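This briefing introduces a protein chain to a reader who is new to structural description. Please keep the sequence and the model in view while reading.

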Amino acid sequence: MNFDERLQRAIDRGGKIAENKEQAARTEAMNEEQLRRLHSQYRLQLSEHVERCLARLPGHLPGFQFERVTSDRGWGAAVNRDDADFGAARRGNVFSRLEIAVRPFTTAKVLEITARGAIRNKEVFNRSHYQLLNEVDLERFEELVDAWVLEFAELYAARR
């Protein structure tokens with residue numbers, strides 16, 4: 001085999017390598033898009049569950065205001081309440097809030113939910129839970145939302 005034939009074979013091999021890389025990139029992009037769609041589907045279901053749970057809280061703890069949350073931190077809902085505190089130790093307003101949100105899609109390819117709760121100006125919890133998108137157990141996420149709302153309600157009732 002002469003040099004020209006070997007050169008042509010090397011060029012052909014290089015072309016095949018480039019084709020394989022392009023095919024792998026297309027497959028990865030397709031998988032990325034599928035994961036984005038899956039995240040979006042889970043986010044919608046979970047954020048609706050969060051809204052349903054938190055919307056019920058003001059009916060049991062009067063004074064709380066419900067709001068939907070859409071921000072760079074995620075999608076979900078929050079309840080908050082401002083109270084006046086005229087106790088001997090301090091005078092002024094105290095703030096209570098519970099926010100639960102589903103975090104946006106990231107390169108980590110996980111579904112993540114966060115919860116932050118404060119009662120009378122003091123943070124009482126800061127929770128987070130995540131699972132890989134291809135391993136998500138949506139029922140587990142919904143159970144956690146329920147547990148976090150119940151925990152906040154109990155803590156608030158105990159510290160009034």
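Is Asn-121 buried, partly exposed or exposed? The model considered here is a predicted one. Asn-121 has a relative accessible area of 41%, so it is partly exposed, because that value falls between the limits of 20% for buried and 50% for exposed. The points below begin with the chain as a whole and then turn to its core and to individual residues.

**Overall architecture**

- The chain is built from two helices and five strands.
- In sequence order, these elements form the pattern α-β-β-β-β-β-α.
- The radius of gyration is 25 Å, whereas the globule rule gives 15 Å for 160 residues, so the chain is more spread out than a compact globule.
- Taken along the principal axes, the box filled by the C-alpha atoms is roughly 100 × 30 × 20 Å.
- Among contacts with a separation of 6 or more, 52% join residues that are 24 or more positions apart.

**Surface and charge**

- About 10,400 Å² of the chain is accessible surface, and carbon and sulfur atoms account for 48% of it.
- Buried residues make up 34% of the 160 in the chain.
- There are 26 positive and 26 negative side chains, and 4 Å separates the centres of the two sets.

**The largest nonpolar core**

- In soluble globular proteins, nonpolar side chains tend to be buried together.
- In this chain, the largest nonpolar core has 30 residues, of which Ile-100, Leu-111 and Phe-152 touch the most other members.
- Two or more residues of this core come from each of helix H1 (3-60), strand E2 (74-85), strand E3 (92-102), strand E4 (110-119), strand E5 (122-132) and helix H2 (138-159).
- The greatest contribution to this core is that of H2, which supplies eight residues.
- Beyond its neighbours within four places in sequence, Leu-111 has contacts that include His-39, Tyr-42, Val-102, His-129, Leu-138 and Phe-141.

**Two buried strand residues**

- His-129 is part of strand E5, and its relative accessibility of 18% means that it counts as buried.
- Once residues up to four places away in sequence are set aside, the residues touched by His-129 are Leu-111, Glu-112, Ile-113, Arg-140, Phe-141, Leu-144 and Trp-148.
- Thr-114 belongs to strand E4, and with 19% relative accessibility Thr-114 is also counted as buried.
- Outside its neighbours within four places in sequence, Thr-114 is in contact with residues including Glu-99, Ile-100, Arg-127, Ser-128 and Trp-148.
- Trp-148 is thus listed among the contacts of His-129 and among those of Thr-114.

**An exposed helix residue**

- Arg-56 is found in helix H1, and its relative accessible area of 61% makes this residue exposed.
- Arg-56 and Arg-68 are twelve residues apart along the chain, and 13 Å separates their C-alpha atoms.

**Two loop residues with positive phi**

- Lys-109 occupies the loop between E3 and E4, and its relative accessibility of 24% places it in the partly exposed class.
- The phi angle of Lys-109 is near 55°, which is a positive value in a residue other than glycine.
- Asn-121, the residue of the opening question, sits in the loop between E4 and E5.
- Phi is positive for Asn-121 as well, at a value near 70°, and this residue is likewise not a glycine.

Technical notes
Residues numbered from 1 in each chain as written. Predicted model: local features only at pLDDT ≥ 70, side-chain atom pairs only at ≥ 80, totals over all residues. Heavy atoms only, no water. Core = buried A, V, L, I, M, F, W, Y, C linked by side-chain atoms within 4.5 Å. Buried < 20%, exposed > 50% of the residue type's maximum accessible area, 1.4 Å probe, protein only. Helix = DSSP H or I, 4+ residues; strand = E, 2+ residues; numbered from the N terminus. Contact = heavy atoms within 4.5 Å. Rg over C-alpha atoms; globule rule 2.2 N^0.38 Å. Areas by Shrake-Rupley, 256 points an atom, 1.4 Å probe, with all protein chains shown as cover. Lys, Arg positive; Asp, Glu negative; His and termini not counted. Charge placed at Lys NZ, Arg CZ, Asp CG, Glu CD.
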